[in-house]
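Student: Could we go through this model step by step, starting with its strands and then turning to individual residues?
Tutor: Yes, let us look at it together.

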Amino acid sequence: MKTHTRRMLVLVMMLTLAACQQPAPVTAAPEDTGGSAKGDFGPPVGEPIEAILTAPPLVPPATGRKQPAKVVVNLEVREIEKEISEGVTYTFWTFGGTVPGSFIRIRQGDTVEFHLNNHPDSKMPHNIDLHAVTGPGGGAASSFTAPGHSSQFTFKALNAGLYVYHCATAPVGMHVANGMYGLILVEPPEGLPAVDKEYYVMQGDFYTVGKYREKGLQPFDMQKAIEENATYVLFNGSEGALLGDNALPAKVGETVRLYVGNGGPNLSSSFHVIGEIFDKVWFEGGTRYQENVQTTMVPAGGSAIVEFRAEVPGTSVIVDHALFRAFNKGALGMLKFEGPEDKTIYSGKEIDSVYLGDKAASAAPVAAAAQAAATGALTLEQQVKSGEALFAGTCSTCHQSNGAGLPNVFPPLAKSDYLNADKDRAIAIILNGLSGPVTVNGASYNSVMPPMSQLNDDEIANILTYTYNSWDNAGGQISAADVARVRAATPRPEGAAH
């Protein structure tokens with residue numbers, strides 16, 4: 001009996017050991033789309049090609065090549081003062097004179113001879129780190145370039161994808177925060193599928209000494225940048241870059257591809273197009289795509305390719321879906337689709353004013369008033385026109401475009417005894433908000449108005465001047481100095497308003 005038991009134990013042990021030594025089940029390897037190990041297609045074929053570089057939002061044409069080439073890229077660094085918002089200028093450091101920098105398009109396997117030229121008028125040395133480069137610093141170690149000088153280095157594009165490039169001269173964050181970034185597309189050998197429209201959109205966060213929309217030339221604020229407290233979050237370097245006449249056009253039925261980047265230097269982007277669903281998203285700029293995506297994350301120093309078909313006419317709004325960035329820091333753009341309606345897909349009623357704020361109307365009156373104020377020549381008429389444009393986005397949703405308000409919810413501004421009784425009180429309400437019951441024209445209202453802390457002194461002055469000169473109100477003129485006086489005299493807890 002004991003012998004039988006021992007034999008059984010030995011048999012069990014042998015079977016157990018045999019089971020442990022069985023090979024693991026074979027699983028299919030993921031499809032190999034090639035990488036750096038398969039991205040070297042040999043030496044360049046044919047004569048060198050001068051790369052076509054385009055300013056945003058334009059994209060160079062597809063390479064259309066089946067063999068690797070030697071591609072020569074000439075990119076110039078320029079330090080230029082440009083408008084970041086209406087009446088607000090900033091000294092941008094740029095690749096190619098634009099923010100983001102010039103779009104570069106090459107093919108996997110190409111040998112790129114890169115020339116970085118720093119304009120003689122520049123005050124700073126610069127270099128370039130291309131995330132598409134395999135080599136020390138992505139090229140930064142070979143491209144440190146003083147003003148009035150040029151640098152050259154060569155690399156082979158081993159990996160297909162959409163890559164960020166940026167300056168990497170110390171302090172790196174400051175150079176990037178001043179606009180020194182762009183995108184380089186390395187096409188796969190077979191190229192990308194053809195689409196009807198391609199556009200270049202890149203987000204960045206900016207840090208100015210003055211607050212949002214404070215007029216004049218605004219210097220860079222290093223402390224705000226360190227604290228990641230962005231004054232502006234923008235597409236393509238300015239508030240109006242993709243709005244109004246600069247909206248990206250397409251026709252119903254066309255397929256649109258956006259090459260999306262995020263220069264940072266600090267903030268990730270929750271990239272979203274209101275009223276569209278991305279049919280495909282090549283996430284992180286790589287070679288695989290996800291389908292039917294609503295919002296895609298684009299990290300600082302990262303990218304994505306999004307593709308969709310325009311189904312119905314109208315305006316679709318591009319936002320960073322971290323929404324205070326969109327409506328209070330400038331992260332807004334527009335796609336305008338033209339063509340026949342299809343009410344089986346969407347019944348209608350465009351509502352741009354809700355999403356776009358004061359960008360729904362023409363920005364020209366706002367800019368004209370800002371320029372006139374800077375020269376001391378601001379007229380009542382200019383204030384009223386500027387205030388009307390600002391009111392349309394900032395105030396009309398609650399108080400209505402005719403100033404009538406909403407019964408039992410928001411008090412009227414038209415023929416308002418409460419408004420006309422005390423102009424300083426009106427200024428203070430916009431600055432600090434108002435909660436609790438008020439009586440207007442004999443009716444009681446009990447609601448909440450948040451502080452409009454995103455508005456500057458001149459914007460508040462212009463909105464109120466428009467309001468006082470509309471809807472049978474008392475008339476008169478509110479100045480930016482009036483607003484500044486009330487602002488200075490109003491105690492507020494730290495962090496409330498500005």
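Student: How many bridges join β15 to strand β20, and which residue in β20 stands opposite Val 273?
Tutor: In this predicted model, β15 and strand β20 (residues 314-320) run antiparallel and are joined by four bridges. Within β20, the residue that stands opposite Val 273 is Ile 318.

Student: Which strands stand at the edges of the open sheet of five strands?
Tutor: The order of this open sheet is β13-β21-β20-β15-β18, with mixed pairing. Each edge strand has a single partner strand, so one side of it is left without a neighbour in the sheet. The strands in that position are β13 (248-251) and β18 (295-298).

Student: Is Phe 271 buried or exposed?
Tutor: Phe 271 lies in strand β15 (residues 269-274), and beyond its neighbours within four places in sequence it is in contact with several residues, among them Val 201, Phe 235, Leu 258 and Ile 318. Because its relative accessibility is 0%, and buried means under 20%, Phe 271 counts as buried.

Student: What separates the C-alpha atoms of Phe 271 and Asp 320?
Tutor: Along the chain, Phe 271 and Asp 320 are 49 residues apart. In space, their C-alpha atoms are separated by 5.0 Å.

Student: Why is Cys 395 in no disulfide?
Tutor: A search of the whole structure finds zero disulfides. A disulfide needs a pair of cysteine sulfur atoms within 2.5 Å, so Cys 395 is in none, because the nearest cysteine sulfur, that of Cys 398, is away by 8.6 Å.

Conventions. Residues are numbered from 1 along each chain as its sequence is written. This is a predicted model: local features need pLDDT of at least 70, side-chain atom pairs count only at pLDDT 80 or more; totals for chains, interfaces and linings use all residues. Side-chain values use heavy atoms; hydrogens and water are left out. Helices (H or I, at least four residues) and strands (E, at least two) are DSSP runs, numbered from the N terminus. Buried means under 20% relative accessible area, exposed over 50%, partly exposed in between (1.4 Å probe, protein chains only). Contact means heavy atoms within 4.5 Å. Two strands pair if DSSP finds at least two bridges between them.
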